[in-house]
Amino acid sequence: MSKFYITTPIYYPNADLHMGHAYTTTLCDILARYHRIMGDETRFLSGTDDHAFKVAQVAKKQGLDAKDYVKQQGERFKSLFSKLGVELDDFIQTSDEIRHWPGAIEIWKRIAKNGDLEKRSYKGLYCTGCESFKKTEDLVSGKCPDHDLVAQEIEEENYFFKLSKYGDKIKKAIESDELKIIPETRKNEILALIDRGLEDVSFSRPNKSMPWGIPVPSDDSQTMYVWCDALTNYISSLGFATNDESNYKKFWPADVHMMGKDILRFHAAIWPAMLLSANLPLPKSLFVHGFITSGGRKMSKTIGNVIDPLIVIEEYGVDALRYFLAREISPFEDGDFTIERFKEAYNANLANGLGNLASRIMKMAEVNLDRPVSIFEPQGEASGKSGGLAFKSEFTELMNNYELQKACDYIWQEIGRLDSLIQSSQPFKLIKSEPGKGRELIQELVISLYTIARMLNPFLPATSRAIKEAVRENKAFIEPLFPRK
Ligand code: MSP
């Protein structure tokens, strides 16, 4: 049995869940569900990045202890994810001293032992939105373009991680696809960045500038700086450096870390270098998506242009949102989310396309077939134990290569093919002139619809279930799957 380990970035828990979070997490959920169906032992991780400055600030504003605040926010994130139809296997919070800290501390110790940490005095421009130091050329009129915040000048002592040492090794790993970066354009972007030379990075800050965080081992004047602390979640959550490393042994290296383009640099340079320094295996791939924009700018709380995914779900249903995120937004470029675009796609492809097809076929089936069509379903598909034999290889190939948008196109081509088949073969007429042939045709349509429902399972789980149920009971839908809006 093979395994599949997929991760979202860990989210800053001070923001309300927004479309960007929903996007990354939904894409991961689709892949996790697909791999479960295929029978892979699957682990899907998400979590929160608690030790950021802004998190402590928001907690303080609300008069809460930071720890209580992040716990409460963690619960909120989890319950919101379940509203998105997301089924996580694990949720890690970096403030978790039992689960997360031992892994982060162990990595620090290994890197230090390898001679890759050095205390230096440092002066730089800091963006609290990104939680990172910025170069002057990254700023527009002194402001961070992603957050619209003026970068602050800071001088202090930091431990530096000798990232510069690892450029060549990382480059080789990326070039050879040992660490595969998807898509190719991002791979080239990061290779170009490495070619310009990687600079050493700050890995800790004085306690007084870090309101909370993991203490640096053997220097209690310093606290680990967010990226060293945060990136480690991918292995700490597996029990790395605890007395039960069985999940670490089973699931590491990750099959894919999913993330937005803004944090590629951290995942494609700092994280692999940390792992190399600590003598641990590299993740297999990084999937890098663009931003969901609104009015042409990244949706973000700091900018204040967020569309609430929950409001979309209330109006259109969770599967409609999942559909839009998976198919109507390009995973590799920025995509604008507007309600107009959403509604148009909903009516065209869900109300008309899929919904209409399913309803026509099941109406014909209920009226004309005296018993449910017997379906060959690979054993245990629902419980995730199938060999997945019934999926066409075109579909599995796309899914295995993380081509979610194309896999959806493939499903909708099939929907289109059935629509045309009904149009050209007119089963409702055939059933009158040649009942035997008519029934055969309807049976064939029902089986094809079932196949569509199976492929839809990772993308639109509730819809997939409803169609399968209708087929098994040979029942027409009482209400439309996707009412026109
Ligand atoms: N805490 C860090 C990640 C640490 S991972 C070890 C972080 N958190 S975040 O909450 O700001 O962002 C989390 C993810 O959401 C990132 O992948 C980011 O790219 C993504 N998105 C945030 N806003 C987004 C959009 N508007 N559109 C798409 N994704 C964006 O960064």
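How many bridges join strand 2 (residues 41-48) to strand 3? In this predicted model, strand 2 and strand 3 run parallel and are joined by four bridges; on the strand 3 side, Phe-91 is the bridge partner of Ser-46.

Both strands belong to an open sheet of six strands, arranged in the order 3-2-1-13-14-9 with parallel pairing. Strand 3 (90-93) and strand 9 (180-182) are the edge strands of this sheet, each pairing on one side only, and neighbouring strands are turned against each other by 20 degrees on average, when direction is ignored.

Two helices can be placed relative to these strands. Helix 3 (residues 66-83) packs on the sheet, where it touches strand 2 and strand 3, whereas helix 10 (residues 264-277) lies across strand 9, strand 13 (256-260) and strand 14 (285-289). Their directions relative to one strand each are as follows.

| Helix | Reference strand | Angle |
|---|---|---|
| Helix 3 (residues 66-83) | strand 3 | about 155 degrees |
| Helix 10 (residues 264-277) | strand 13 (256-260) | about 140 degrees |

A contact between two helices completes the picture. The axes of helix 1 (residues 19-37) and helix 12 (residues 318-328) come within 10 Å and cross at roughly 90 degrees, which means that helix 1 is roughly perpendicular to helix 12. Helix 1 contributes Met-19, Ala-22, Tyr-23, Thr-26, Leu-27, Asp-29, Ile-30 and Arg-33 to this contact, while helix 12 contributes Leu-321, Arg-322, Leu-325 and Ala-326. Sorted by class, the residues in the contact of helix 1 with helix 12 are eight nonpolar, one polar and three charged.

Conventions
Residues are numbered from 1 along each chain as its sequence is written. This is a predicted model: local features need pLDDT of at least 70, side-chain atom pairs count only at pLDDT 80 or more; totals for chains, interfaces and linings use all residues. Side-chain values use heavy atoms; hydrogens and water are left out. Axes are lines fitted to C-alpha atoms, for helices over the stretch in contact, and angles run from 0 to 180 degrees between N-to-C directions. Angles under 35 degrees count as roughly parallel, over 145 as roughly antiparallel, 65 to 115 as roughly perpendicular and the rest as oblique. Contact means heavy atoms within 4.5 Å. Ala, Val, Leu, Ile, Met, Phe, Trp, Tyr, Cys and Pro count as nonpolar, Asp, Glu, Lys and Arg as charged, and the others, Gly among them, as polar. Two strands pair if DSSP finds at least two bridges between them.
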